[in-house]
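User: I'm new to this structure and would love a close look at one part of it. Could you walk me through the place where the chains meet?

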Amino acid sequence: MEKFTAVEGIVAPLNRANVDTDMIIPKQFLKSIKRSGFGPNLFDELRYLDRGEPDKDCTGRPLNKEFMLNQPRYANATVLLSRQNFGCGSSREHAPWALDDYGFRVIIASSFADIFFNNCFKNGILPIVLDEAVIDALFAEVESTEGYQLTVDLQTQQISKPDGSVIAFEVDAFRKHCLLNGLDDIGLTLQDDELIKGFETKWQQNAPWLFNAGQ
Amino acid sequence: MAGKTLYDKLWDSHLVKERDDGTALIYIDRQLLHEVTSPQAFEGLRISGRQPWRRDANLAVPDHNVPTTLKERQLGLDGIVDPVSKTQVLTLDNNCKEFDLLEFDMNDRRQGIVHVVGPEQGATLPGMTIVCGDSHTSTHGALGALAHGIGTSEVEHVLATQCLIQNKMKNMLIRIDGKLNVGVTPKDVVLAIIGKIGTAGGTGYAVEFGGDVIVNMSMEGRMTVCNMAIEAGARAGLIAVDQSTIDYVKGRPFSPAGNDWDAAVAQWQQLHSDDDAVFDATIELKGEDIKPQVSWGTSPEMVLPIDGNVPDPTQESDPTKRDSIERALQYMGLQAGQAIGDIKLDKVFIGSCTNGRIEDLRAAAKVVEGHRVADNIKLALVVPGSGLVKEQAEKEGLHKIFTAAGLEWREPGCSMCLAMNADQLGDGEHCASTSNRNFEGRQGFGGRTHLVSPQMAAAAAINGRFVDVRDILKEGA
Ligand code: SF4
């Protein structure tokens, strides 16, 4: 997993509550055998005017010009701003995979669905919970200022605004550690690789037949 | 200090590390892979530039999507009509090539349902920890192995680290003492258990099955029982190693031989719960009380003995239960109070990782021999659990008995157990099925599944409805 230290980037405003995982990535894409390549289908139903299909090339599809991701001013956004209960719905990891593949590294909302919140950390995305009033102010500033950027620093747990003011945010210490060091579950386990190798060596002496089978 | 349960022993011997967050790292000896739950795990490895930790610990086989008619099968990958199914099978082939893992591909004679193939090859051995991205991995516990079904992220985790992150489960013992009556099978035993404790009864437990009935049961029968531990909510089912286990394992392709064999047997003989081990829960059943079982509803716990009547929701005082009975009756198209024997059947399916082994096929063949499939049965499928089961059955002439009676003899795979390939139920059709799940739509949209033993399915095929196979076997005796 990519290390997360600080992100400085354009903010894209998705001004609605209860954005569910089907909205993030519609269910016809769950049948795929991949975990990458979902970016072009992120928010598929909001972004395009036709129906998306797993094998369809998205480049020539009719765009919904109203949808913010289709507006040039939000191109290359890396911070997504939304409202309460973001990520409700399915437990599958396709939703964070799609957000990550599109390029979002930070999601700011007033609350998140539990499983989605966990899945974000597993996939190198930082979800940040802020008060409703702070979120309201951010929406107003983002929408009125073209090229609006935020700098999110995980180490100091601070978001810096263009006017120089800062917003502090909370993050679980263990998860912060994992993100800063780029540790997903696998990375974390592999920190114990010597221990695993040591176990394996002893185990092989004890039960060698488990190691010479099948090849 | 109290002794250890079998689960405790397997856990302790594979414990790599207890972590601060309360979880533990457990070393995994064998990972079985199939085409449905592995693609994203392999892609994860590719994205992060990781390699499998130990190649020889893995064995892959496509099973869920493979077609089961000979004609389609001979076409190889081109025989798979559905593009998603085909991609999944092809992806497994490619991933195994890229990462250099052993695969029995679609037309390998050793191909079959992953839970049939593992024990058959000796790739499942006593004392192992075994995982597979499939909930019926509990099957392998029949050999005294700790076997868990896992999710796709965990498949990737095991590929990359050879470890699984786990919380230790509690211990449950289910004892079935006494003797089974003729015509009552391991499938009936496990359905009766689920009927008694419910589909959540084993949640959070590793369940060990014991008692005379289990001790006297064949290895394949034990696999049937452990297979459905997950339907009782238990991620892992377990049975102590005894002489039957050791005899079963001997001489299989992956089994130890020579000096290793003696050393292995000495270790395996310790794989039972100590006499003074303490279980967190114990359930007892009497073998004599168990009758042939038939599920009537949309959950495996909605099961009755063959002479039973479908429940009447008005007799149920608990509103949630009443509601679920009503919904199940409606989906299944049944009347409250209707006799099990009065359910009209349309199809019969004999196969799956629960009942697709040679003993199952022998038992079913014995019942249909010399009879014809009833007129109202539109399709009766017999799908062997693996290529080797198929070969053995043909050597014994079982396929001739089935086809002479009007049942179709197919190529190995999961088939109508979950209807990911072309073998499906039509809307509203009732099926006597030897598989393990009767959820809504499991065997096809609107399909109605009744879970039974192979003997009961065979008897249903020739009678067009459910009959008590004990009567038939008595007459035949
Ligand atoms: S036979 Fe059925 S339950 Fe068994 S692995 Fe295949 S689909 Fe799953």
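Analyst: Happy to help: here is a walk through the interface, followed by a look at the sheets of the two chains.

Please keep in mind that this is a predicted model. Let's start with the extent of the meeting place. On one side, 35 residues of chain A are in contact with 43 residues of chain B. The area buried between chain A and chain B comes to about 3300 Å², and carbon and sulfur atoms give 59% of that area. The size of an interface is often expressed in just this way, as the accessible area lost when the parts come together.

Next, the charged pairs. Three salt bridges are counted between chain A and chain B. One of them joins the side chains of Arg35(A) and Glu156(B), with 2.5 Å from N to O. Asp184(A) and Arg50(B) also meet through their side chains in a salt bridge, here with 3.4 Å from N to O. This second pair crosses between chains from loop to loop: Asp184(A) sits in the loop between helix 6 (173-180) and helix 7 of chain A, while Arg50(B) sits in the loop between helix 2 (39-48) and strand 4 (58-60) of chain B. For context, a search of the whole structure finds 37 salt bridges over all chains.

Polar contacts join the two chains as well: 15 residue pairs, both at pLDDT 80 or more, are counted between chain A and chain B. Which elements of chain A give two or more residues to the side that touches chain B? They are helix 3 (94-102), helix 7 (185-190) and helix 8 (193-206). Helix 8 gives the most, with eight residues. Sorted by class, this side of chain A has 16 nonpolar, nine polar and 10 charged residues.

Now for the sheets, beginning with chain A. Chain A has an open sheet of seven strands in the order 4-3-2-1-5-6-7, with mixed pairing. Its edge strands, strand 4 (126-129) and strand 7 (166-168), each pair on one side only. On average, neighbouring strands of this sheet are turned by 25° against each other, direction ignored. Within the sheet, strand 1 (residues 6-13) and strand 5 (residues 149-153) run antiparallel and are joined by five bridges. You can find Glu8(A) standing opposite Thr151(A) of strand 5.

Chain B has an open sheet of five strands, ordered 17-16-15-18-19, with parallel pairing. The edges here are strand 17 (408-409) and strand 19 (448-451) of chain B. Strand 18 (residues 430-433) runs parallel to strand 19 of chain B, and four bridges join the two. Ala432(B) stands opposite His450(B) in strand 19. Helix 17 (residues 454-463) of chain B packs on this sheet, where it touches strand 15 (347-350) and strand 18. The direction of helix 17 makes about 150° with that of strand 15 of chain B.

Definitions and conventions. Residues are numbered from 1 along each chain as its sequence is written. Chains are lettered from A and ligands numbered from 1 in the order in which they are written. This is a predicted model: local features need pLDDT of at least 70, side-chain atom pairs count only at pLDDT 80 or more; totals for chains, interfaces and linings use all residues. Side-chain values use heavy atoms; hydrogens and water are left out. Contact means heavy atoms within 4.5 Å. Buried area is the accessible area (1.4 Å probe) that two parts lose on being put together, summed over both. A salt bridge is a side-chain nitrogen of Lys or Arg within 4 Å of a carboxyl oxygen of Asp or Glu. A polar contact is a pair of N or O atoms within 3.5 Å; within protein, one must be able to donate a hydrogen and the other to accept it, and residues adjacent in sequence count only if both atoms are side-chain atoms. Ala, Val, Leu, Ile, Met, Phe, Trp, Tyr, Cys and Pro count as nonpolar, Asp, Glu, Lys and Arg as charged, and the others, Gly among them, as polar. Two strands pair if DSSP finds at least two bridges between them. Axes are lines fitted to C-alpha atoms, for helices over the stretch in contact, and angles run from 0 to 180 degrees between N-to-C directions.
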